[in-house]
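Hi everyone, thanks for having me. Please have a look at the model on the screen, and I will walk you through a few spots in it.

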Amino acid sequence: MRVDRELDNLLKKVEKPARYTGGEVNSIEKDPETVAVRVGFAFPDTYEIGMSYMGLQILYHILNKNEDIYCERVFAPAMDMEALMRQHGRELFTLETFTPVKALDILGFTLQYELSYTNVLNMLDLGGIPLKSRERGEEDPIVIAGGPCAFNPEPLADFIDAFLIGDGEELLERVCMAKKACTGKEDFLKTISRYDGVYVPAFYEPIYNLDGTIQRFDKLWTDAPDRVKRAVVNDLDKAEFPVKNIVPFIDTVHDRAVVETFRGCTRGCRFCQAGMIYRPVRERRPETIRKLAEQQLANTGHDELSLLSLSTSDYSEFEDLAVELMQMCKAQNVALSLPSLRLDSFSFRVLAEIQGYRKSGLTFAPEAGSQRLRDIINKNITEADIYGAVKQAIELGWETIKLYFMVGLPGETYADLDGIGIIAKNIMELNFKLRGRKGGRFRVTVSASNFVPKAHTPFQWEAQDTPQQFIDKHNYLSAQLRIKGIHFNYHETETSKLEAVFARGDRRVGRLLEKAHALGCKFDGWTEHYRADLWEKAFAETEVDIAFYNYRKRSYDEILPWDIIDPLIDKAFLIEESEKARAASVTADCRKGCAGCGINRYAQCFCGVEDLEVADV
């Protein structure tokens, strides 16, 4: 479809009009009259961010291969475009056909970050769709949501008809086809609630104790599952993966060909939600990866290829794969990006060959300033690992080192903060020792993020630091790192507080979200748009107690809002890991032996356990 005259006039008045025009290379055109189910894949942020999300490309590709389904894209319009749309009565629309989203059968949001929740409500409002599920009728689209944040669905439970938990490659298409077969919203929701990976909030009611904790979940429909098992794609090598990615007309955050080498992680960092909820590790074969890469590059014209995983060099055949891809990319004059590398000797040789004479910065993530605290969080690296890797980097010519740490980790003391300063200073001294006081323009950047406890991790029971505690620690580190050649930056404290409320919130924080949206909060993850004053007003007017959600330690027997979701990881394992953290005891990488998380009941693992009987999920 072509841009109509009204939209054309609006686009002449906004920044980056190509955000809203569609029609990119490899975007899909179908006749909406010939399909049974129309789906809007909604990313609650701007086009540039959403189009960098590989999950969108994967699911868009899978759904549109089905002749009965038309999947179209929807993004949050930027502030200038939204203002004009509201002024002229233009409702939120899809990029492929400019159809108002309220005319779709299903509108599905991906939840990548808690601070996008106000954008979800704002997009519903801009689309003319009632915010609350119970207020929507048969004529309104079914509103679904998935992604990592869906593993605690309760904060959005009043607004979302159904959550899809876990891998979406097979589940989402199955849900869409159920929409074709069912008659009416209730029939549809009851049907899909029987699928592993589907949580329908309307079928459950949380009952609270007098102290505000959850006593139990009552089922409002008898056949609803007691807990919702996450969906798992067992054989990633056979899973669909796009080779005709949509190529944007404008620059996006990540403008390149991308191939996912494996999913999951075996390292077991206790703060990391992704490392728990994406278990087990499932790999693609090297020949599959190469074929996907070749086809993507041919079909998109990208001049850069990147590998996608939580830890690229943990791929079991990484060295052979890296050499093969380097040769292929060099022959095609394509840049190769290998993020999240374990910085050992081979990785440095790979990086040196990829980056050549002009070497960009190297990133290390010690996460904590002392070995004791690194053991608490199960970050299995030592100072010898850190300094050994830095020494190799300096000797090979790198002049910029980036160090990532977390502040507010469980068990942290100011001695651990001192350790951050010591590591940065020692790296500067190591450069002087190797290259001389006048040699090079060496820089160390230290970045500190604030610890946010996440659901389904060993730290889900821990308290978060108060904003004042974070501020005090940031100021302390700033003083420690006021050294020539060292640059220090840290994460915004107010947004970390808000992230924690929604990361571990229950259904009652939905009223906070609704009030914040009514006050005008949106794009809360953007520093220039975050309105602390409006959020403070929303907290005050809804009487949501920040301390209850953020600053108290939970007991192991407390029923947590996300316990209704079964991530396929045993809660007993998380408790054991929590206790080991208190003792500063480490758990080895799963590839060196099974840690007993329980996932091997459902899928094959790299943990060394033989002859598994894999359950059907």
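What volume does the second largest cavity have? For this predicted model, the computed value is about 90 Å³. Thirteen is the number to remember for its walls: 13 residues line this cavity, and Tyr20, Phe75, Pro77, Leu92 and Leu95 are the ones closest to its centre. If we sort that lining by class, we get eleven nonpolar residues, one polar and one charged. In total, the count of cavities of 30 Å³ or more comes to six. And how do we find such spaces at all? Rolling a probe the size of a water molecule over the atoms shows where empty space is left.

Let's go from cavities to pockets. The second largest pocket has a volume of about 260 Å³. Its lining is made of 15 residues, and nearest the centre lie Ser133, Arg134, Ala157, Pro201 and Ala202. Two elements give two or more residues to this lining, namely helix 7, residues 185–192, and strand 7, residues 204–208. By class, the pocket lining has eight nonpolar residues, one polar residue and six charged ones.

Now let's zoom out to the whole protein. How many helices and strands does the secondary structure come to? The answer is 20 helices and 19 strands. The radius of gyration is 24 Å, close to the 25 Å that the globule rule gives for 617 residues, so the protein is as compact as a globular protein of that length. If you follow the C-alpha trace along its principal axes, the spans are about 70 × 65 × 55 Å. Of the 617 residues, 58% are buried.

Next, please find strand 1, which covers residues 37–43. Is this strand enclosed or open? Seven of its seven residues are buried, so strand 1 is largely enclosed by the rest of the structure. Here is a handy idea for reading it: in a regular strand the side chains alternate between the two faces of the sheet. On one side of strand 1 we have Val37, Val39, Phe41 and Phe43, on the other Arg38, Gly40 and Ala42, and all of these are buried, which leaves both faces covered.

Which strands does strand 1 pair with? With strand 2, residues 69–75, strand 1 pairs in the parallel sense over seven bridges. As an example, Ala42 stands opposite Val74 in strand 2. Strand 1 also runs parallel to strand 3, residues 106–110, and four bridges join these two. There, Val39 has Ile106 of strand 3 as its bridge partner.

Let's move along the chain to another sheet. This one is an open sheet of four strands in the order 15-16-17-18, and the pairing is parallel. Strand 15 (362–367) and strand 18 (486–490) stand at the edges, each with a single partner strand, so one side of each has no neighbour in the sheet. On average, neighbouring strands here are turned by 20° against each other, direction ignored. Inside the sheet, strand 16, residues 400–407, runs parallel to strand 17, residues 443–450, with eight bridges joining them. One pair you can look up is Val407 and its bridge partner in strand 17, Asn450.

To finish, a short tour of single residues. Where is the cis peptide bond that joins an arginine to a proline? It joins Arg279 and Pro280, with an omega of about -5°. Pro280 sits in the loop between helix 8 (273–277) and strand 12 (282–283).

Two residues other than glycine have a positive phi that I'd like to show you. For Ser340, phi is near 55°, and this residue lies in the loop between strand 14 (335–337) and helix 11 (345–355). For Leu568, phi is near 75°, and its place is the loop between strand 19 (565–566) and helix 20 (571–582). Are they buried or exposed? Ser340 is partly exposed, with a relative accessible area of 40%, whereas Leu568 is buried, at 0%.

My last stop is Leu512, in helix 17, residues 510–519. Leu512 is buried because its relative accessible area is 0%, and buried means under 20%. Measuring from C-alpha to C-alpha in the model, Leu512 and Pro410 are 27 Å apart in space, and they are 102 residues apart in sequence.

Thanks for listening!

Definitions and conventions. Residues numbered from 1 in each chain as written. Predicted model: local features only at pLDDT ≥ 70, side-chain atom pairs only at ≥ 80, totals over all residues. Heavy atoms only, no water. 1 Å grid on protein atoms, 1.4 Å probe; cavity = no way out; pocket = protein on both sides within 12 Å on 5 of 7 lines; lining within 4 Å. Points joined across faces, edges and corners; volume = space filled by probe spheres on them. Nonpolar A, V, L, I, M, F, W, Y, C, P; charged D, E, K, R; others polar. Pairing = 2+ DSSP bridges. Axes fitted to C-alpha atoms, helices over the stretch in contact; angles between N-to-C directions. Rg over C-alpha atoms; globule rule 2.2 N^0.38 Å. Buried < 20%, exposed > 50% of the residue type's maximum accessible area, 1.4 Å probe, protein only.
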